[in-house]
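Trainee: I am new to this entry and would like to know where its labels come from. Can we go through them one at a time?

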Amino acid sequence: MTVLPDPERLTGETVELLQALIRNACVNEGTVDSGQEIRNARTIADYLDGVGLDIEIVEPQPGRASLVTRVPGRVPGAPSLGLVGHTDVVPVEPDGWTRDPFGGELVDGWVWGRGAIDMLGLTAAYAVVTRAVAAAGVPLSGDLLLAAVADEEHGSVWGVDWLTTHRWDLVRADHVLTESGGVPVGTHRTLAVGEKGGAGRRLRVVGTPGHGSGPYGSRNAIVLAAEAVRRIAALRGPVVVGDLWRRYVDALDLPADVREAALDPDRLDDVLPLLGALAPVAHATTHTTVAPTVLHAGSKPNVIPGLAEVVLDIRVLPGARPADVDGLLAEAIGDLGPFVHVEGDRWGEPSLSPTDTELYRVIEKAVGDRTGGAAVLPTLGTGGTDGRFYRRRGTPAYGFGLLSPDWDPGTWRGLFHGNDERVDVASLRLTATALHDVVTTFLR
Ligand SMILES: [Zn+2]
């Protein structure tokens with residue numbers, strides 16, 4: 001029998017730990033010495049102190065530390081469950097914030113600060129549930145792993161990528177929960193069961209340098225790059241209506257004609273404007289997306305540049321191949337081909353976990369119990385999470401969480417990496433209690 005901890009206590013400890021994690025400001029700028037997640041690792045280690053856990057802090061680069069601990073199960077060979085939460089956050093633009101982004105203030109039932117949603121609130125709940133399970137002193141069947149990890153916001157190089165490559169003994173698990181899920185869609189709550197892959201490509205644009213005073217007839221690399229970018233932005237590409245998108249549309253309360261068009265590859269693009277805040281999700285879930293994100297060109301006001309470079313953020317759907325991406329870019333670039341060269345071959349495979357697992361059924365029950373009957377909606381993550389490193393090793397990974405009913409996908413997405421990031425205590429309470437249900441039921 002598992003002793004159920006007081007929900008007030010689970011909630012209170014999650015709020016306090018979240019505030020402390022926000023205040024540590026482990027901002028990952030994408031440089032090797034930023035982040036310094038050792039501070040959040042130590043904060044969590046202090047919090048976990050006193051319940052008999054063996055804690056290891058792994059630091060593959062100075063300051064880039066992850067905390068790993070395990071509540072050992074009582075049954076040898078029983079399936080284990082990992083809770084994998086990142087402890088780094090992305091930078092802020094302070095002028096856009098109403099409150100101190102690193103103040104961790106609790107105001108009218110909301111915790112404010114960078115990471116409240118992505119994903120320090122979840123990481124805090126993971127640690128709180130792990131401590132509660134260890135403190136209860138009743139061994140569960142399989143191991144419960146807690147990994148509070150660095151560097152998720154820059155490809156997990158010093159976090160889960162490194163840990164699963166070099167310390168699989170330490171972080172292995174048969175099933176994993178990580179970000180992100182629990183967002184209300186109609187009467188459903190999302191659970192990310194997979195994510196798109198990524199292709200690393202950049203455009204090298206070659207013009208002819210010359211004097212800035214004579215632009216007529218010149219081959220200006222900036223002008224050529226601008227035209228290439230315009231064509232890429234106008235690209236529509238093939239529409240893929242997969243099973244997960246079908247289920248998403250079914251969960252939405254759409255007028256019949258819009259619903260029909262949203263499931264028709266030939267008409268989906270036409271109804272995107274009718275989907276409001278959901279349009280970016282709808283588009284990204286059904287297309288390979290290409291976003292120009294970095295542009296380098298020019299050096300001096302009076303020199304027409306002969307070179308420009310454009311970096312593209314490309315996200316691919318399950319089933320896509322590198323040749324599909326290169327074909328799409330070649331089609332967009334068209335007759336600019338002699339001047340615009342596509343470089344780079346980095347490829348991150350899309351990943352999907354099965355939904356016919358015991359863990360999935362346990363999550364369905366916990367979500368239903370804690371929400372008065374909401375069903376789980378399996379979704380495709382359109383960004384990247386640490387889940388992909390586990391899926392690659394055959395471990396099913398789901399993006400878990402549980403938000404209160406007044407949230408919607410548009411608001412939630414807007415706060416991800418956005419201004420005034422914050423989370424309500426009611427959602428932290430739902431997440432911590434439902435997570436405790438999942439852990440103690442799955443490992444019963
Ligand atoms: Zn995240």
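Mentor: Start with G85, which is found in strand β3. The model is a predicted one, in which local features need pLDDT of at least 70 and side-chain atom pairs count only at pLDDT 80 or more, while totals for chains, interfaces and linings use all residues. Residues are numbered from 1 along each chain as its sequence is written, and side-chain values use heavy atoms, with hydrogens and water left out.

Trainee: What makes β3 a strand?

Mentor: Strands are DSSP runs of E with at least two residues, helices are runs of H or I with at least four, and both are numbered from the N terminus. Strand β3 covers residues 81-86, so it passes that minimum.

Trainee: Why is G85 called buried?

Mentor: Buried means under 20% relative accessible area, exposed means over 50%, and partly exposed lies in between (1.4 Å probe, protein chains only). G85 has a relative accessible area of 0%, so it is buried.

Trainee: Which residues does G85 contact, leaving aside neighbours within four places in sequence?

Mentor: G85 is in contact with M119, T123, Y126, A147, A148 and V149. Contact means heavy atoms within 4.5 Å.

Trainee: How do you know which atoms coordinate the zinc ion?

Mentor: Donors are N, O and S atoms within 2.8 Å of the metal (3.2 Å for Na, K and Ca), and sites may look incomplete because water is not among the atoms. Here H86 (NE2), D118 (OD) and two OE atoms of E179 coordinate the zinc ion, at 1.8 to 2.4 Å. Along the chain, the donors have the spacing H-x31-D-x60-E. H86 belongs to strand β3 and E179 to the loop between β7 (175-178) and β8 (181-185), 93 residues apart, and the pair links distant parts of the chain. H86 and E179 are both buried.

Trainee: Why is the site of the zinc ion called irregular?

Mentor: Four donors are tetrahedral if all angles lie between 85 and 135 degrees; four are square planar, and six octahedral, if opposite donors are over 155 degrees apart and all others between 65 and 115; anything else is irregular. The angles among the four donor atoms of the zinc ion are 56 to 151°. That range fits neither rule for four donors, so the site is irregular.

Trainee: Where are the cis peptide bonds at D118 and E179?

Mentor: One runs from D118 to M119, with omega near -20°. M119 is in the loop between β5 (110-112) and α3 (120-136). The other joins E179 and S180, with omega about 0°, and S180 is in the loop between β7 and β8. S180 is also among the residues that A192 touches, not counting those up to four places away in sequence.

Trainee: Is A192 buried or exposed?

Mentor: A192, in strand β9 (residues 188-195), has a relative accessible area of 8%, so it is buried. A192 and E179 are 7.9 Å apart in space, C-alpha to C-alpha, and 13 residues apart in sequence.

Trainee: What makes D108 and H417 worth listing?

Mentor: D108 has a positive phi of about 50° although it is not a glycine, and H417 has one of about 65°, also without being a glycine. D108 sits in the loop between β4 (106-107) and β5, and its 73% relative accessible area makes it exposed. H417 sits in the loop between α14 (409-415) and β19 (422-424); at 42% it counts as partly exposed.

Trainee: How is the packing of α1 and α15 described?

Mentor: Two packed helices are described by the angle between their axes and the distance between the axes. Axes are lines fitted to C-alpha atoms, for helices over the stretch in contact, and angles run from 0 to 180 degrees between N-to-C directions. Helices α1 (residues 7-23) and α15 (residues 425-442) pack at about 120°, with axes 9 Å apart. Residues that meet include L10, T14 and L18 in α1 and L428, A432 and H436 in α15.

Trainee: Is Q19 buried or exposed?

Mentor: Q19, also in helix α1, has a relative accessible area of 12%, so it is buried. Beyond its neighbours within four places in sequence, Q19 is in contact with G104, E105, L106 and V111.
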